[in-house]
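Colleague: I'm new to reading structures, so please pick one part of this one and take me through it slowly. Numbers are welcome, as long as you tell me what they say.

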Amino acid sequence: MNIPFFQKIYVAVSEARAEDYQEFISSRKLVTNNHKMSLMWDLTNTNIKERLISEDIEIAVAKQGCWGFLLILDKKENCLYTLMNNKRYEEIILNPKKAPLYLQALVILNEELGFSNTPLFDFEDDNNKLKLLLNKLCNNFLSNDDFSKIHYNIITFSTENDSVTSLELNILDKELNQLKRINLTDLITQPIMPNNVNESNFVENQIPMLKLKKKAETRKGEKEKVSIKENISDSKLQA
C-alpha cells in the first residue's frame with residue numbers, strides 16, 4: 001500500500017478545509033457563505049493536483065453535468081481513485097442504483113472482483129452506455145495506459161467542524177457491493193492545522209482576522225508593495 005500517497009491526500013483535504021478556506025474568506029468581506037461546500041471541493045481538488053502529480057501519478061479533471069472532479073491514476077499500483085465524502089458514499093452503498101453515472105461506469109474496471117450474480121443494470125443498453133462513459137472518462141488521461149489492468153477504488157473522508165476525522169479506502173465490485181474497507185487514518189501522520197473559524201461566529205460584514213500561511217503572507221506583501229508604488233506615483237503626478 002502506498003502510504004505516502006494517502007498521506008498527501010489527507011494533507012490536501014485537511015488544508016483545503018482549514019487554512020486554505022480561512023485564507024480565502026479572510027481576504028473578502030462576505031455577507032453570506034452559500035458557496036462554502038463547493039469552494040472547499042475546489043480547494044481540495046486543486047491541492048491534490050498540485051501535491052500528487054509525479055512520474056507515477058497522473059491526474060485528470062473530469063465532469064458530470066456541472067460538477068468537476070478528479071480521476072487519480074496510480075500507475076505503480078495499477079489503481080484509479082476518486083474522492084468522496086463518507087456520508088455520500090454510505091448513501092450510495094445503501095442504494096447503489098442512485099450512484100452517479102461516473103461511479104457506475106468506473107466500477108466496470110472491477111469486473112473480475114466480487115461474487116454477485118445479480119446484475120445492477122437490467123438492460124444491455126445500460127451497460128453499453130456505461131462502457132462508453134468509462135472510455136470517455138479514461139480518455140481524460142494523456143497517457144495511453146491499458147485500463148484493462150486497472151482497478152478502481154474510492155477514497156472517502158469524514159469531517160467534523162471542517163476538520164478531517166477519518167480517511168478510508170473502499171474496494172467495490174462491479175455491482176457496487178463493498179468488498180473491503182481499510183481505515184487509513186491510523187496509518188498516516190495527521191498534520192497540525194490552525195484553529196478553524198467557527199461558523200456560528202460568522203457575522204454580517206465581519207470576517208475575523210486569521211493567521212495566513214506563508215504563501216498567503218508572500219502574496220499579501222507583494223500587494224502592499226504594489227500599493228505603495230502606486231501611491232508614490234500618484235503623489236508625483238499631483239506635485
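**A close look, starting from a loop**

Modeller: Leu 176 counts as buried, with a relative accessibility of just 1%. Keep in mind that this is a predicted model. You'll find Leu 176 in the loop between strand 5 (163-172) and strand 6 (178-183). Its backbone is worth a glance too: phi is near 65 degrees, which is a positive value in a residue other than glycine. That catches the eye because most residues other than glycine have a negative phi.

Asn 78 is another case, with a positive phi of about 55 degrees although it isn't a glycine. Asn 78 also sits in a loop, between strand 2 and strand 3 (79-85). Is Asn 78 buried or partly exposed? With a relative accessible area of 36%, Asn 78 is partly exposed, whereas Leu 176 is buried.

Let's step back for a moment to see the whole chain. There are six helices and six strands, and along the sequence they follow the pattern α-α-β-β-β-α-α-α-β-β-β-α. The chain has 239 residues, and 42% of them count as buried. Now take the contacts between residues at least 6 apart in sequence: 66% of these join residues at least 24 apart.

Now for the part I'd really like you to look at, which is the start of the chain. Helix 1 (residues 3-26) packs with helix 2 at an angle of about 135 degrees, and their axes are 8 Å apart. Why those two numbers? Two packed helices are described by the angle between their axes and the distance between the axes. At this angle, helix 1 and helix 2 are therefore oblique to each other. Helix 1 passes helix 2 in a right-handed crossing.

So which residues meet there? On the helix 1 side they include Phe 5, Ile 9, Val 13, Arg 17, Tyr 21 and Phe 24. On the helix 2 side they include Met 37, Met 40, Trp 41, Thr 44, Ile 48 and Arg 51. Sorted by class, the contact of helix 1 with helix 2 has 15 nonpolar, two polar and six charged residues.

Two of those names lead us onward. Phe 5 belongs to one aromatic cluster, together with Phe 6 and Tyr 81. Trp 41 takes us to the aromatic pairs. Counting rings whose centres lie within 6.5 Å as a pair, you get six aromatic pairs. In the pair of Trp 41 and Trp 67, the ring centres are 6.3 Å apart and the planes stand at 80 degrees, so the pair is edge-to-face. Trp 41 is in helix 2 (residues 36-52) and Trp 67 is in strand 2 (residues 67-74), so this pair ties together parts that are 26 residues apart in sequence.

Are the two partners buried or partly exposed? Trp 41 is buried, at 13% relative accessible area, but Trp 67 counts as partly exposed, at 38%. Setting aside neighbours within four places in sequence, Trp 67 is in contact with Ser 38, Trp 41 and Ala 62. Between Trp 67 and Ser 38 there are 9.3 Å from C-alpha to C-alpha, and the two are 29 residues apart in sequence.

Stay on strand 2, where Leu 70 also has its place. Leu 70 is buried, with a relative accessible area of 7%. Not counting residues up to four places away in sequence, Leu 70 touches Asn 45, Ile 48, Lys 49, Ile 59, Ala 60, Val 61, Tyr 81 and Thr 82. You've met two of these already: Ile 48 is among the helix 2 residues that meet helix 1, and Tyr 81 is in the cluster with Phe 5 and Phe 6. The C-alpha atoms of Leu 70 and Leu 83 are 7.5 Å apart, with their positions 13 residues apart along the chain.

One last stop, by way of Ala 60. The C-alpha atoms of Ala 60 and Asn 139 are separated by 9.2 Å, although the two residues are 79 apart along the chain. Asn 139 is in the loop between helix 5 (124-138) and strand 4 (151-160). At 62% relative accessibility, Asn 139 counts as exposed, while Leu 176, where we began, is buried.

Note on methods. Residues are numbered from 1 along each chain as its sequence is written. This is a predicted model: local features need pLDDT of at least 70, side-chain atom pairs count only at pLDDT 80 or more; totals for chains, interfaces and linings use all residues. Side-chain values use heavy atoms; hydrogens and water are left out. Rings of Phe, Tyr and Trp (its six-membered ring) pair if their centres lie within 6.5 Å; planes under 30 degrees apart count as stacked, over 60 as edge-to-face and the rest as tilted. Helices (H or I, at least four residues) and strands (E, at least two) are DSSP runs, numbered from the N terminus. Buried means under 20% relative accessible area, exposed over 50%, partly exposed in between (1.4 Å probe, protein chains only). Axes are lines fitted to C-alpha atoms, for helices over the stretch in contact, and angles run from 0 to 180 degrees between N-to-C directions. Angles under 35 degrees count as roughly parallel, over 145 as roughly antiparallel, 65 to 115 as roughly perpendicular and the rest as oblique. A crossing is left-handed if the near helix is turned anticlockwise from the far one by less than a right angle, and right-handed if clockwise. Contact means heavy atoms within 4.5 Å. Ala, Val, Leu, Ile, Met, Phe, Trp, Tyr, Cys and Pro count as nonpolar, Asp, Glu, Lys and Arg as charged, and the others, Gly among them, as polar.
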